[in-house]
Amino acid sequence: MTAAVCHDLDHPGFNNMYQINARTEMALRYNDISPLENHHCAVAFQIFSRPDCNIFFNFDPEAFKQIRQETITLILATDMARHSEILKTFKQKVDNFDYTNKEHVACLKMVLIKCCDISNEVRPMEVAEPWVDCLLEEYFMQSDREKAEGLPVAPFMDREKVTKSTAQIGFIKFVLLPMFETVMKLFPQIEEVMVKPLRESRDRYEELKQIDDAVNEVG
């Protein structure tokens, strides 16, 4: 819960690729290794170090050490650059999952915080869609700055190349569904409340894309 609450603390609105390419202070501080996620962790534990915010003050040093280590591990797992690696590892374990195996449980926790982190499209359309608009605007602001600064621009962030429907179709089909469907093997009950809404969202965006394509053809 602590990792989930703290996983995006003090996010500047520009992703790791920007931090690294722009050689920001954050990228330099963390040697280009998950700069944002390392920053979120550091800010979290700076807050916890204040006497009025130290929710762990009752824990003995060994317990706190374990809490700190697991919190760091989970927040660092939210770096999307590690998505394929983490999901691949989980897929290797899920068919014979063993709750007594610490490695299995640690991997599950990383996958679950990733599900939380990028779960927007699981929510009802009227909740999810305004957040998609906010996210795309954040992407476009970054790509505008990258163009102005002569830095590489990711195609999925470029306002001249991306539409809401194309952005969401790709993200749902290639990132969200494969992950949530894998988790569903362990927790079948999420099919109705999470996987089904994802599939419906994919279908809705595919319909929107067809409408956009038809309008563009006429235009």
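These are my notebook entries on what I looked up in this structure.

**Entry 1, the overall chain.** I began by noting that this is a predicted model, and I then turned to its secondary structure, which comes to 10 helices and zero strands for the protein chain. Reading from the N terminus on, I found the elements running α-α-α-α-α-α-α-α-α-α. For the extent of the C-alpha trace I noted a span of about 70 × 45 × 30 Å along its principal axes, and for burial I noted that 38% of the 219 residues in the protein chain are buried.

**Entry 2, the record.** I looked up the UniProt annotation, an unreviewed entry, which lists residues 1-212 as "domain: PDEase". In the model, that span is 68% helix and 0% strand, and its end C-alpha atoms lie 40 Å apart.

**Entry 3, the core.** I next asked which residues touch the most other members of the largest nonpolar core. They are Phe-90, Val-111, Met-179 and Phe-180, in a core of 43 residues. The elements giving two or more residues to this core are helix H1 (2-6), helix H4 (35-48), helix H5 (61-76), H6, H7, H8, H9 and H10, and the largest share, 10 residues, comes from H9. I also noted that the core draws at least three residues from each of domain 1 (1-117) and domain 2 (119-218).

**Entry 4, salt bridges.** I counted 19 salt bridges, and I followed several of them through the chain.

The side chains of Lys-93 and Glu-103 meet in a salt bridge, at 3.8 Å from N to O. This pair links distant parts of the chain, with Lys-93 in helix H6 (residues 83-94) and Glu-103 in helix H7 (residues 102-117), 10 residues apart. I then checked how the two partners stand to the surface: Lys-93 counts as buried because its relative accessibility is 13%, whereas Glu-103, at 57% relative accessibility, counts as exposed.

Lys-147 forms a salt bridge with Asp-158, and here the closest N and O atoms are 2.8 Å apart. Because Lys-147 lies in helix H8 (residues 125-149) and Asp-158 in the loop between H8 and helix H9 (164-186), the pair ties together parts that are 11 residues apart in sequence. Is Asp-158 buried or exposed? Asp-158 has 5% relative accessibility and so counts as buried, while Lys-147 is partly exposed, with a relative accessible area of 34%.

Lys-173 forms a salt bridge with Glu-206, the closest N and O atoms being 3.8 Å apart. Lys-173 lies in helix H9 and Glu-206 in helix H10, so this pair ties together parts that are 33 residues apart in sequence. Lys-173 counts as partly exposed at 36% relative accessibility, and Glu-206 is partly exposed with a relative accessible area of 28%.

I closed this entry with a network of salt bridges, in which Glu-129, Asp-133, Lys-164 and Arg-204 are linked.

**Entry 5, a surface patch.** Last, I asked which residues form a nonpolar patch on the surface. I found Leu-208, Ile-211 and Val-215, which together have about 250 Å² of accessible area. I looked further at Val-215, which lies in helix H10 (residues 190-218); because its relative accessibility is 52%, and the cut-off for exposed is over 50%, Val-215 counts as exposed.

Definitions and conventions: Residues numbered from 1 in each chain as written. Predicted model: local features only at pLDDT ≥ 70, side-chain atom pairs only at ≥ 80, totals over all residues. Heavy atoms only, no water. Patch = residues over 30% accessible without salt bridge, like charges linked within 9 Å, V, L, I, M, F, W, Y side chains within 5 Å. Areas by Shrake-Rupley, 256 points an atom, 1.4 Å probe, with all protein chains shown as cover. Helix = DSSP H or I, 4+ residues; strand = E, 2+ residues; numbered from the N terminus. Buried < 20%, exposed > 50% of the residue type's maximum accessible area, 1.4 Å probe, protein only. UniProt positions renumbered as here; feature names shortened; annotations may be inferred. Core = buried A, V, L, I, M, F, W, Y, C linked by side-chain atoms within 4.5 Å. Domains from an automatic or database assignment.
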